[in-house]
Amino acid sequence: MSTAPTDSAWGDHYEAAYFASGTDALAMAVQMACLKSPDMPEPEVIIPAYGCPDLVAAVRCAGAVPVVVDVEDEMPFLDRSALIESISTSTVAVVAVNFLGIPERLEALSVICREHGLCLIEDSAQCFPPLSCHSLVADSVVVSFGRGKPINLMGGGALLRRGHFSEKERSSLENCPQQSANYGVPWRLKRLLFNVVLHRFCLSLIEKIPILGIGSTTLVPHSTITRKQVPERLLLGGVKAFYQRPLVHRWYDLHLLPLQNRGWILLNGINRGEACLDRNIPRLRYAVLAPTSGLRDECIRALTVAGIGATALYESAITGIPGVAPLVRAGRVTSAKGFASRLMTLPSHEDVSERDVQVIAKIMGNLSQVCD
């Protein structure tokens with residue numbers, strides 16, 4: 001087994017292996033956590049109650065059982081008290097999911113994991129760079145290069161292992177089938193088409209075609225972990241492009257600030273103490289919590305009419321996504337349901353101007369006045 005010569009993107013403390021998707025990388029991270037307890041009949045992996053159903057698919061693909069733990073009130077991050085209560089003798093790992101550019105509180109979670117002998121996996125599919133590349137907290141880190149991710153290579157993923165892969169872990173990597181890496185003209189045309197479709201007017205038209213299912217959240221089963229190498233030049237080019245994106249979230253911080261007086265919550269990491277957040281790094285999208293689910297829905301409709309790609313992201317707790325419930329073990333998910341009902345995300349890509357953000361703030365402000 002050989003890793004691609006791209007480890008310079010991650011620093012000197014993690015060894016990298018590359019995969020066909022972020023889901024493949026997460027499944028391998030879980031599989032490696034299970035290697036530490038080879039006689040465990042049903043290893044369990046803790047995941048947050050609000051998140052992408054690919055979390056469930058990856059854990060199941062690795063042969064483990066996802067244990068869903070509720071998030072904290074009005075936050076997308078694991079409730080630490082509920083996390084501790086959910087740990088059993090079968091638990092092997094905790095997946096800490098970074099949310100739209102805001103990292104989980106890894107330091108606090110690492111303390112819990114060390115006390116219980118668990119592997120801490122940082123899922124940084126929505127956040128770049130991973131927090132652990134600087135803090136060295138997580139045992140494993142997962143990065144996605146899929147469409148709409150911070151580093152968009154139209155597919156692929158990476159698993160970063162603190163230190164080096166063990167002999168057993170290398171054996172697991174070598175047993176994975178390898179997908180050919182083709183980044184020629186067809187790949188470039190596909191990426192160009194994706195960028196065209198992302199244009200606000202094209203996307204607004206496509207979203208009106210129900211059969212395409214754009215924006216819907218579904219569980220896609222995952223059965224095989226597949227490797228795929230990523231050329232160093234391509235990866236470093238994607239990293240460079242990410243850092244060249246405008247800091248749109250700063251405009252949101254400024255122009256949406258008055259809405260806090262009307263019950264809105266800005267999930268920007270400034271006043272909430274979510275994590276160590278660098279405001280000089282671009283965000284995937286900008287997240288807010290509406291005072292009510294009704295006002296959230298009204299704003300999404302109004303912004304869509306104005307050509308703004310506002311979304312509710314995952315519109316339910318992870319257990320409410322079709323097909324998920326039979327595959328997981330879960331207790332209460334009250335906070336996750338409340339979070340899902342009020343969350344709205346706003347675009348932060350390079351085509352968003354400050355004038356766009358001012359229009360968004362005005363629409364949200366006007367609708368908030370009507371609802372007062």
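The following legends describe close-up views of a predicted model.

**Figure 1. An open antiparallel sheet of 3 strands.** The strands are arranged in the order 8-9-11, with antiparallel pairing. Strand 8 (265–266) and strand 11 (343–347) are the edge strands. Each of these two has a single partner strand, so one side of each lacks a neighbour in the sheet.

**Figure 2. Pairing of strand 8 with strand 9.** Strand 9 comprises residues 285–289 and runs antiparallel to strand 8. The two strands are joined by 2 bridges. Ile-265 has Leu-289 of strand 9 as its bridge partner.

**Figure 3. Helix 12 lying across the sheet strands.** Helix 12 spans residues 334–342 and lies across strand 8, strand 9 and strand 11. Relative to strand 11, helix 12 runs at about 45 degrees.

**Figure 4. Crossing of helix 1 and helix 2.** Helix 1 covers residues 22–35 and helix 2 covers residues 54–61. Their axes come within 8 Å and cross at roughly 45 degrees. Angles of 65 to 115 degrees count as roughly perpendicular and those under 35 degrees as roughly parallel; helix 1 and helix 2 are therefore oblique to each other. The crossing of helix 1 past helix 2 is right-handed.

**Figure 5. Residues at the contact of helix 1 with helix 2.** From helix 1, Thr-23, Leu-26, Ala-27 and Val-30 take part in the contact. They meet Asp-54, Leu-55, Ala-58, Val-59 and Cys-61 of helix 2. By class, the residues of this contact comprise 7 nonpolar, 1 polar and 1 charged.

Technical notes. Residues are numbered from 1 along each chain as its sequence is written. This is a predicted model: local features need pLDDT of at least 70, side-chain atom pairs count only at pLDDT 80 or more; totals for chains, interfaces and linings use all residues. Side-chain values use heavy atoms; hydrogens and water are left out. Two strands pair if DSSP finds at least two bridges between them. Helices (H or I, at least four residues) and strands (E, at least two) are DSSP runs, numbered from the N terminus. Contact means heavy atoms within 4.5 Å. Axes are lines fitted to C-alpha atoms, for helices over the stretch in contact, and angles run from 0 to 180 degrees between N-to-C directions. Angles under 35 degrees count as roughly parallel, over 145 as roughly antiparallel, 65 to 115 as roughly perpendicular and the rest as oblique. A crossing is left-handed if the near helix is turned anticlockwise from the far one by less than a right angle, and right-handed if clockwise. Ala, Val, Leu, Ile, Met, Phe, Trp, Tyr, Cys and Pro count as nonpolar, Asp, Glu, Lys and Arg as charged, and the others, Gly among them, as polar.
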